[in-house]
Amino acid sequence: EFLELAQRCTGLEDPTFYDLADAFFLKEHGIGACGVCPRDGGLGCSFLDTLPPKYRQQATHFLSWTWGYTVSTVREALQSWL
């Protein structure tokens, strides 16, 4: 689902997270731009805050990554870890 959203928003087959920044967050109609942040009550919330509650649970692990990674690199790393 995430890869399809990333491809649709960027027009790229395998975008980096730099590519996603503009498409997802920096535009006035970006994901979460019109949402209310549950932490400060201000306009604009994180991508995570836009997900249904079943996908927003307490973190148990941390994945170190960089904005230069492609979506497929992060997906493959997660798949090999799981």
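These legends describe close-up views of a predicted model.

**View 1. The salt bridge between D49 and R39.**
The structure holds 1 salt bridge. Its partners are D49 and R39. Their closest N and O atoms are 2.5 Å apart. Both residues sit in the loop between α2 (17-26) and α3 (71-81). They are 10 residues apart, and the pair links distant parts of the chain. Is each partner buried or exposed? D49 has 16% relative accessibility, so D49 counts as buried. R39 reaches 58%, so R39 counts as exposed.

**View 2. T16 and its contacts.**
T16 lies in the loop between α1 (2-10) and α2. Its relative accessibility is 18%. Buried means under 20%, so T16 counts as buried. Which residues does T16 touch, once neighbours within four places in sequence are left aside? The contacts are W67, G68, Y69 and T70.

**View 3. The tilted pair of F17 and W65.**
How many aromatic pairs are there? The count comes to 6. A pair of aromatic rings is described by the distance of the centres and the angle of the planes. F17 and W65 form one aromatic pair, and this pair is tilted. The rings lie 4.8 Å apart, centre to centre. Their planes make an angle of 50 degrees. F17 belongs to helix α2, while W65 is in the loop between α2 and α3. The pair therefore ties together parts that are 48 residues apart in sequence. F17 is buried, with a relative accessible area of 14%. W65 is partly exposed, at 40%.

**View 4. The stacked pair of F24 and F47.**
F24 and F47 form an aromatic pair that is stacked. The distance is 5.7 Å centre to centre. The angle between the planes is 10 degrees. Planes under 30 degrees apart count as stacked, which is why this pair has that label. Where do the two residues lie? F24 is in helix α2, and F47 is in the loop between α2 and α3. The pair therefore ties together parts that are 23 residues apart in sequence. F24 has 2% relative accessibility and counts as buried. F47 has 21% and counts as partly exposed.

**View 5. An aromatic cluster.**
Which residues form this cluster? F17, Y18, W65 and W67 make up one aromatic cluster. Two of these residues, F17 and W65, form the tilted pair of View 3. W67 also appears in View 2, as a contact of T16.

Technical notes:
Residues numbered from 1 in each chain as written. Predicted model: local features only at pLDDT ≥ 70, side-chain atom pairs only at ≥ 80, totals over all residues. Heavy atoms only, no water. Salt bridge = Lys/Arg side-chain N within 4 Å of Asp/Glu carboxyl O. Helix = DSSP H or I, 4+ residues; strand = E, 2+ residues; numbered from the N terminus. Buried < 20%, exposed > 50% of the residue type's maximum accessible area, 1.4 Å probe, protein only. Contact = heavy atoms within 4.5 Å. Phe/Tyr/Trp six-rings, centres within 6.5 Å; stacked < 30°, edge-to-face > 60°.
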